[in-house]
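Me: I'm new to this structure and would like a close look at one part of it, the surroundings of the ligand. Could you then walk me outward from there to the rest of the chain?

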Amino acid sequence: MIGVEFHNSDDALEVYSEDASRWYKVKPKGVFFPKNTEEVLKVVRFCYQRGISLTPRGGGSGLTGGAVPSKDGFVISLEKMRNFRFEDGLVFSESGVISGQIERKINLLGYTLPAQPSSLNFSTIGGNVATNSAGLRSIKYGSIKDYVVETEVVLPTGELENFKEMDSAIFVGSEGILGIITRVVLKVVKKKKRFSYTIFVNSEKDIFEIFDTLKIFNPSAFEVLDDLASYVAFGIKRFSVIAEFEEDYKGIFEDVSKKVDLMVKGMGLQVLEIQDVWERRKRLGPALSKMKPFKINEDIVIPISSFVEYFDFVRDLRDKIDCIVFGHFGVGILHTNIMFGGGEQKTAFDVKEKIFDFVINSGGSITGEHGTGIDKLRFIEKELGEDSTDFILSLKKKMDPKNILNPGKIPLRSGGCIDTIPRFQKVLN
Ligand SMILES: Cc1cc2nc3c(=O)[nH]c(=O)nc-3n(C[C@H](O)[C@H](O)[C@H](O)COP(=O)(O)OP(=O)(O)OC[C@H]3O[C@@H](n4cnc5c(N)ncnc54)[C@H](O)[C@@H]3O)c2cc1C
């Protein structure tokens, strides 16, 4: 069809009808697989002329239904656009490259792209930019928006444009509603030696003291796991912290070590050096999926001032349903996993609604890194207020007058990790 690879077999329509959330399912009319930007242009022009909706898709690892097409629409999968190179300290990549491939290549040369998500082995770099992905190291390195130097975008009206740093910003986190990202240029950073401690604490309140003591060493990760998450990851049923440091200056590891020894004595903590700690942490989400037939994984942002109250709130929810929390402390993202079996679906979705109410009332955000997709549409206006959603919708109308590109989705403009550190420091001081 139109000289671009196209599939509409039952199998293809089934596979491209959902993303990793598995809660939303709409079969497209067909799926295009362009091999280069010129083919993307052909597809977009074809759909624009006929007013047919088109949903961009990378790896389909999204957890909000963002890549789920609209009824009677097509999907454009970028997965066959897989060329990239590393030159002059920059990554030049087509959007369908699996992020982990880039990471492995640049690691060999002593560099890293630090804002990649835990899903780096099955998500694409274009999808990461379109959702403004964040990750374990966002506390030090921010989200992918901080690394985008340039984007090449096919606009919904069928024009091709290159956008430099500032102008690229509107496409980062835009979840495929404003344009199809075909290429990106990204900055990288030098990969440093890293060292981590896994610290088991008596309650979530201890986490503040640990962070306060160790924050001068500029942690590159500071993950928090509640008692049940720690049990699944490490077999120990206590709250835990995984604190990672990088060798920014000589002696840092020795200095951190001394502080940790002092804390252990003073606070009755348990500290372990776990070799594969990050693998265990990354496997946590998939491991929880196996515990019950269904799982909802939210990526809410809790202001640090409501952190302790949030864990009390979750303990109460556990009377109703299984709830496990782990996440990125310094940036406030707490992955809240609701796990349930058949017959518990209504309770699970009621609990999710209660969690979102808590988040919005405490001044947090309903998404820190996954985006909004279909999943959070109902809650966006509650969080942002009418004016902000009107702004997004007017931008969409201007750039996509026929509303063909991923229609029906409204990305949160604040998507990606919210920097809660300034607020956090206010609480501590
Ligand atoms: C086990 C697991 C762990 C995860 N961990 C993290 C994590 O640590 N951090 C995090 O941020 N996310 C995480 N995610 C969520 C997900 O992997 C990210 O949102 C990822 O960036 C999506 O990339 P993708 O290529 O799979 O995009 P898709 O799921 O295919 O698409 C996501 C959205 O982006 C749009 N899109 C995709 N490609 C393009 C393009 N080229 N141009 C325009 N729009 C496009 C789609 O229309 C859709 O709206 C995790 C998911 C899983 C299943």
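Reply: Happy to! Please keep in mind that this is a predicted model. Before turning to the ligand, here is the overall layout: the domain assignment splits the protein chain into domain 1 (6-77), domain 2 (84-190) and domain 3 (194-371 + 421-428). Between the C-alpha centres of domain 1 and domain 3 there are 35 Å.

Now for the ligand itself. Its shell is made of 38 residues, and the closest are Gly58, Gly62, Gly66, Gly127 and Gly176. Two or more residues of this shell come from each of strand E3 (54-57), helix H4 (125-130), strand E10 (180-187) and helix H10 (277-289). Of the elements, H4 gives the most, with 4 residues. What is the chemical character of the shell around the ligand? Sorted by type, its residues are 11 nonpolar, 23 polar and 4 charged.

One of those contributors, strand E3, leads us on to a sheet. E3 belongs to an open sheet of 4 strands, ordered E1-E2-E4-E3, in which the pairing is mixed. Strand E1 (6-7) and E3 are the edge strands, each pairing on one side only. At the E1 end, 2 bridges connect E1 with strand E2 (residues 30-32), and these two strands run antiparallel. You can find this pairing in the model by looking for His7, which stands opposite Val31 in E2.

Let us finish with two residues further along the chain. Gly342 sits in the loop that links strand E18 (333-340) to helix H12 (345-361). Is Gly342 buried or exposed? Gly342 is exposed, because 8 other C-beta atoms lie within 10 Å, and a residue counts as exposed with 12 or fewer. Gly342 also has a partner from elsewhere in the sequence to look at: Pro293 is 49 residues away along the chain, while the C-alpha atoms of the two are 7.4 Å apart in space.

Helix H12, on the other side of that loop, contains Lys354. Here the count of C-beta neighbours inside 10 Å is 14, so Lys354 is classed as partly exposed. That class lies between the limit of 12 or fewer for exposed and 20 or more for buried. For a sense of distance, try Lys354 and Phe195: these residues are 159 apart along the chain, and their C-alpha atoms are separated by 38 Å.

How values were computed
Residues numbered from 1 in each chain as written. Predicted model: local features only at pLDDT ≥ 70, side-chain atom pairs only at ≥ 80, totals over all residues. Near = placed C-beta within 6 Å. Nonpolar A, V, L, I, M, F, W, Y, C, P; charged D, E, K, R; others polar. Domains from an automatic or database assignment. Pairing = 2+ DSSP bridges.
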